[in-house]
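Work through the exercises below with the sequence and the model at hand. Each task is followed by its solution in steps.

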Amino acid sequence: MGTLQENLPENEGNVELPVPPPMGAVSARQALPAKGSCWYCEKPLDSVRRFCGKDCADSFDEEAEYTR
Ligand SMILES: [Zn+2]
């Protein structure tokens, strides 16, 4: 074998990489608008809440992680 040097393509032009949010920063669910019902179980809520409880918020976050 001779010189087998792989030329890995580096940043070609303007490649914008998605920057992961730091730990404890805004999560996916916190970017959601309140829609008057729970985003996870659709239970009716007041106009400022996105989830009926922490369980739903956590579950929603978990699903958001997997369906990214
Ligand atoms: Zn809920």
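Helices here are DSSP runs of H or I with at least four residues, numbered from the N terminus. The model is predicted.

**Exercise 1. State how many helices and strands the protein has, and place Lys35 relative to α1.**

Step 1. The secondary structure amounts to one helix and zero strands.
Step 2. The helix α1 spans 54–66, and Lys35 sits in the segment before α1.

**Exercise 2. Decide whether Lys35 is buried or exposed, then give its C-alpha separation from Phe51.**

Step 1. A residue is exposed if 12 or fewer other C-beta atoms lie within 10 Å of its own.
Step 2. Lys35 has 12 C-beta neighbours inside 10 Å, so Lys35 counts as exposed.
Step 3. Lys35 and Phe51 are 16 residues apart along the chain, and their C-alpha atoms are separated by 9.6 Å.

**Exercise 3. Describe the backbone and the exposure of Glu42.**

Step 1. Glu42 lies in the segment before α1.
Step 2. The phi of Glu42 is near 65°, a positive value in a residue other than glycine.
Step 3. Most residues other than glycine have a negative phi.
Step 4. Glu42 is exposed because 11 other C-beta atoms lie within 10 Å.

**Exercise 4. Find the contacts of Lys43 beyond four places in sequence.**

Step 1. Lys43 is also in the segment before α1.
Step 2. Leaving aside neighbours within four places, Lys43 is in contact with Ser37, Cys38 and Cys52.
Step 3. Lys43 counts as exposed, with 12 C-beta neighbours inside 10 Å.

**Exercise 5. Give the buried share of the protein.**

Step 1. Of the 68 residues, 7% are buried.

How values were computed
Residues numbered from 1 in each chain as written. Predicted model: local features only at pLDDT ≥ 70, side-chain atom pairs only at ≥ 80, totals over all residues. Helix = DSSP H or I, 4+ residues; strand = E, 2+ residues; numbered from the N terminus. Buried ≥ 20, exposed ≤ 12 C-beta atoms within 10 Å, placed from the backbone. Contact = placed C-beta atoms within 7 Å.
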